[in-house]
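Thanks for coming. I will go through one model today, mostly its charged side chains and its pocket. Please look at the screen.

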Amino acid sequence: SEISERISVIKENVAAMIGERKKANVITDTRKQAVAYCEKVFPFFEKIRYNVDKLELLVDDDMWPLPKYREMLFSR
């Protein structure tokens, strides 16, 4: 159930982030667009990343097809 909950939170935040990106992408002033990305889009990355990191710990390595963040940090 925890895996399912985390996936739901990730999906909700990805959808919300896409919505904010669409709004930011139509801004023609580059400074205002950068501020919109910083203030409206970027906060979703933290929420998504937190839940994905927790999923990495919950899901067995054999079932996780992507490299895990901790593996990428320490690979040579």
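K23 is exposed, with 54% relative accessible area; buried means under 20%, exposed over 50%, and partly exposed in between, with a 1.4 Å probe and protein chains only. This is a predicted model, in which local features need pLDDT of at least 70 and side-chain atom pairs count only at pLDDT 80 or more, while totals for chains, interfaces and linings use all residues. Residues are numbered from 1 along each chain as its sequence is written, and side-chain values use heavy atoms, with hydrogens and water left out.

K23 pairs with E20 in a salt bridge, N to O at 3.4 Å. The term stands for a side-chain nitrogen of Lys or Arg within 4 Å of a carboxyl oxygen of Asp or Glu. K23 and E20 are three residues apart in helix α1, so about one helical turn separates them. Helices here are DSSP runs of H or I with at least four residues, strands are runs of E with at least two, and both are numbered from the N terminus. As background, side chains of opposite charge can pair when their charged atoms come close.

How many salt bridges does a search of the whole structure find? The search gives three.

Another one joins E2 to R6, with the closest N and O atoms 3.3 Å apart. Both residues belong to helix α1, residues 2–25, and they sit four residues apart, about one turn of the helix. The two ends differ in class: E2 is partly exposed at 37% relative accessibility, whereas R6 is buried at 15%.

The remaining pair is D53 and R49, whose side chains meet at 3.0 Å, N to O. They are in helix α2, four residues apart, again about one turn of the helix. D53 is partly exposed at 24%, and R49 is partly exposed at 36%.

D53 and R49 also bring us to the pocket, since both are among the residues that line the largest one. The full lining is I48, R49, V52, D53, E56, W64, L66, P67, Y69 and M72. Two elements give two or more residues to that lining, α2 (30–58) and α3 (69–73). Which of them gives the most? Helix α2 does, with five residues. By type, the lining has seven nonpolar residues, no polar ones and three charged ones. In that count, Ala, Val, Leu, Ile, Met, Phe, Trp, Tyr, Cys and Pro are nonpolar, Asp, Glu, Lys and Arg are charged, and the others, Gly among them, are polar.

The volume of the largest pocket is about 180 Å³. On a 1 Å grid over the protein atoms alone, a pocket is an open set of points where a 1.4 Å probe fits, with protein on both sides within 12 Å along at least five of seven lines, and lining residues have an atom within 4 Å of a point. Points are joined across faces, edges and corners, and the volume is the space filled by probe spheres set on them.

Last, N51, also in helix α2. Is N51 buried or exposed? N51 is buried, at 8% relative accessible area. The N51 side chain reaches the backbone oxygen of K47 at 2.9 Å. Leaving out residues up to four places away in sequence, N51 touches R6, V9 and I10, where contact means heavy atoms within 4.5 Å. R6 is the residue that forms the salt bridge with E2.

Technical notes: A polar contact is a pair of N or O atoms within 3.5 Å; within protein, one must be able to donate a hydrogen and the other to accept it, and residues adjacent in sequence count only if both atoms are side-chain atoms.
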